[in-house]
Amino acid sequence: MQRFTISLQDSLAQEFDAFMARTGHSNRSEAIRDLLLTHLAQQREATQAMGPCVANLSYVYDHHERELAERLARLQHAHHDLTIATTHVHLDHSRCLETVMLKGPAEQVRQFANQLMAERGVHHGQLNVVMGQIGADTHHHHHD
Ligand code: NI
């Protein structure tokens with residue numbers, strides 16, 4: 001066990017206390033530990049994990065941006081093996097929100113997601129990866 005001393009700005013400390021109250025943490029060390037574990041697991045899955053996964057990619061873009069909508073569609077067609085479905089929402093007269101559901105090897109899913117998010121005019125990109133082969137468990141399920 002190692003001990004750290006952490007310095008926080010007052011505003012961040014207040015936000016942290018509010019987070020603890022909201023989530024029912026009464027112990028600061030425990031709350032920090034939970035945050036750290038969650039974040040590190042997300043980081044690992046977002047950057048390193050290999051093997052089968054499903055993932056959800058969301059981003060916002062301006063459809064007035066030159067040929068961007070077409071470039072995004074072209075990229076998704078080029079990776080149709082990874083793209084399960086795309087939902088497109090017209091947020092206002094210029095901005096669109098797209099959510100792309102992906103399935104495949106995590107390294108390929110990540111690479112494709114990064115490619116989409118790197119397109120100029122794509123903002124607020126966020127990838128949520130769930131590791132594991134979906135539907136390949138060997139348990140006996142009874143669906144009634
Ligand atoms: Ni739109």
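The following paragraphs describe the nickel site, the salt bridges and the exposure of the residues that form them. The model is predicted, so local features require pLDDT of at least 70 and side-chain atom pairs pLDDT 80 or more, while totals for chains, interfaces and linings use all residues. Residues are numbered from 1 along each chain as its sequence is written, and side-chain values use heavy atoms, without hydrogens and water.

The nickel ion has as protein donors His88 (NE2), His90 (ND1) and Cys96 (SG), at 2.0 to 2.4 Å. Donors are N, O and S atoms within 2.8 Å of the metal (3.2 Å for Na, K and Ca); water is not among the atoms, so sites may look incomplete. Along the chain, the donors of the nickel ion follow the spacing H-x1-H-x5-C. His88 is partly exposed at 32% relative accessibility, and His90 is exposed at 62%. Here buried means under 20% relative accessible area, exposed over 50%, and partly exposed in between (1.4 Å probe, protein chains only).

Five salt bridges are counted, each defined as a side-chain nitrogen of Lys or Arg within 4 Å of a carboxyl oxygen of Asp or Glu. One of them joins Asp92 and Arg95 at 3.0 Å, N to O; Arg95 has a relative accessible area of 40% and is partly exposed, and Asp92 is partly exposed at 33%. Another pairs Asp17 with Arg28, also at 3.0 Å, N to O. Asp17 is partly exposed at 35% relative accessibility, as is Arg28 with 48%. In the salt bridge between Arg120 and Glu65, the closest N and O atoms are 3.8 Å apart. Arg120 is exposed at 65%, whereas Glu65 is partly exposed at 26%.
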